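User: Could you walk me through a few features of this protein model? I would like the reasoning along with each result.

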Amino acid sequence: MLMGSKTTFKVRQIVPDMKEKMLNYSMLHRKCRDKFGLRCLPGECVLQRAVLVRKKLSAVEGGGWLAGTLFCTHFRVAFVPQDSEKPDDNADPVLLGDHDVALASIEKVVAVGPSRTKLVTANSSLKFTPEELVLYCRDLRVLCFLFDRLTPETQAVEITYAIAKTYQPLKPGSILSFQNAALGSVEMRQFLSNRTPDSQMKLFDCEADWDGELERTGATDWRVSTINDRFEMATSLPRFNVVPQKVLDTELKKTFAHFNEGRIPRWCWRHPCGSDLLRTASFQNNIYHEKDDIRNLEAIVFGSHQQCVVVELGEEMATLVDVQLAHTRLRALCLGDISASAYVPDDRWLSTLENTRWLDHIRCCLKKAAEVACLLRAGQLTVILQEPEDRDMNCVVSSLVQVMSDPYCRTVLGFQGLIQKEWVMVGHHFLSRANYYRDSDKEEAPLFLLFLDCVWQLWAQCPTRFQFTGDYLLALHDSAHLPLFSTFLFNCQRDRSRPSQRLPQSYTPVNGCWREATPPDSTQDPLDPLFPAVWDWALQYSPQRRAQFSQPLTNSGPVHSVLNGNLNTTPHYHKPNDSTLGSVFLLSRGSFTSPSHLLPWRIGGGSGGSYRKSHRRAPSSESLSGLERLQKACLLPESCRGHSEPQELLPQLLGPCVGIWRECYLRGALQAQAYSHPASVPSHHPLDRLAQEVQQLRDRLAAAAVAGSRAKKQEPHRANVNLNQNANGGTFLFSAPRVSVARAPPPTSALPALAPRDAGKRTFLFGQSQDGRPDLRYAPMPSSRLSKKKGSSLAS
């Protein structure tokens, strides 16, 4: 069967046509789906399998290797452990098992041979039999599978090539094939159509959900407007928008033309102290303001309050290009570039991480959200978040403000409703920012992943204040890379509600309600897949995995004390005492001003005139009454923390407190470096050796603390000493451990003993985990060279 020698052949000559193989399996998959332990989805076809395969487990999974069978279907790469339980035919299907990866999530396929590695594509030809198969994923996972010596060589070669051929770079054709493979079958469509969503989950796609949010926060002076029900006022806004009670729809209709894309100021949330949070786009240029328009605009901006603060995000926050560049650099640092021979040395890893600017963008978002949260605590004012399009950084900051200030948003249902309200319904460019179809790289920017990282920073600082766990955030992060969920596949509610994006906008009345009608000549396929929401976790993960998504809440006060919008717990001296009605301030770059052209209709006496771009305002040196108190309430962290409610959560922004999301970004880092450079990898990775040495030092310090005395006089060491401190002013990533206990020394048989070095010259990067187990640490390379094992170590 094999052409040429035993180790040199063309892979394409031994793999049958994929279409023929899919047809053969499609007739038999129901009968043989349990023959090898894999339960296929309805309509799923098995293309290739390999027996006697071992999967390398991550540190979170316990480490080591897991034996089983590897499958490749036209939807996923599945691994079934040999000791796994037999699947239940009556159970609901799960898209991905605990050891599976979707084909759309795979970024690179690497075959590892006795002395080399090969990046495998659909047109590749292998000149060796793979001993290992490494899959680099877009969600930063690295999956490694080791073929046993008893694994037939043809199976190892065929499944490697099958994965390389079915996996395709993201493009419209491959994405559509992937979606049809997962959700396009008749059985799957029927199954999805019969699923009922959680009745407690608020999707904010109906008027009742918005009314419930107004009632929950006590915002009785606001109402839900349906003027945009047919998307005639603004195509990117949702059908339902919250506006002041005193503004009628006929008056509201005249205000859309004054804002970019018609995105008028809209209510988002009410603080327990009575302040309201709004968001809007920039003002349109060269718009003449009638007197009636001015009255309506003033009513929308101020609501029921007499003071307003505009928070400008256009110039202060990172641009789309900045976020995309930082994330690309972070991925390259964590995973490495397997096509290049150079990699980042250990002693330059920290500086390279700093140069990515990813952590700087996180600090900037958290700082701005904390400023707005403290500003809202001043009470009885409106705070308006403004950016040119109101669809990017406004989503990040408004969501973070509510996570910090509203304990309900730190629950699972509350957090999911928050994303629906501030991201999905308001029209964040999910499809464009994810760039699934590779339409335009200029619009690609992982802003939603940046937001999840910010939330993880808050969770890592105070995990007991959240109902959801780090595993939940990680699952949401990974799901955002799958083009299967309606949550991330569209740019606005209008696109989600249309049967096909190719259809023109057309509506017909049905039972007194407006519904979108399908033209007779529509090319819509009735068998197009139904895209579920990402919140249907039972469709994605097993019950064992979902059980790790939540935890009991602690250290939180009564729920009613936070959700009651009429309760004012902020001291009165935090409230500005400016007696001028209609006062408007601008918060930009950490300072307050009151530019004369902040509201364009007030230029030249307020009777009209043109408007210059609102995100390029000149600062004013005008001294204002009450401005100093408002600035103190917003900008002084001590003042905010000293008088905050116990439910409020403000972040720590110092260097050691904002760290890299290890469970997400570093879960495949060690494997990536090892398999990218097999010739220079010793028997044990240098990081493992350094982690062993750090742990030995920790044990010595703990033993000394228990003994209570030492032979020499020296500086006392407490059990909770921050080992991350560096007297030389080094860069830190993680905070000190909260609790440190004495532990028995770890076994040293696995790793060679290392000679102790001067602790003052070492920089420790990773703190101890809260459960007492040591974490992997990333530190500079030792000064002495480590011994290298002859030959390749990739097969170990």
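Here are some questions and answers on a helix, a few strands and the cysteines.

Analyst: Happy to help! This is a predicted model, where local features need pLDDT of at least 70, side-chain atom pairs count only at pLDDT 80 or more, and totals for chains, interfaces and linings use all residues. Residues are numbered from 1 along each chain as its sequence is written, and side-chain values use heavy atoms, with hydrogens and water left out.

User: How far apart are the end C-alpha atoms of helix α14?

Analyst: Helices (H or I, at least four residues) and strands (E, at least two) are DSSP runs numbered from the N terminus. The expected span is 1.5 Å times one less than the number of residues. For the 15 residues of α14 (residues 447-461) that gives 21 Å, which agrees with the end-to-end distance in the model, 22 Å.

User: How many residues of α14 are buried?

Analyst: Buried means under 20% relative accessible area, exposed over 50%, and partly exposed in between (1.4 Å probe, protein chains only). Helix α14 is largely enclosed by the rest of the structure, because the buried residues number 14 of the 15.

User: Which strand pairs with β17 in the parallel sense?

Analyst: Two strands pair if DSSP finds at least two bridges between them. Strand β17 (residues 583-588) has three bridges to β18 (residues 591-593), but those strands run antiparallel. The parallel partner, with five bridges, is β13 (residues 307-312).

User: What is the bridge partner of leucine 586 in β18?

Analyst: β17 and β18 form a hairpin with two residues between them. Across it, leucine 586 is bridged to threonine 593.
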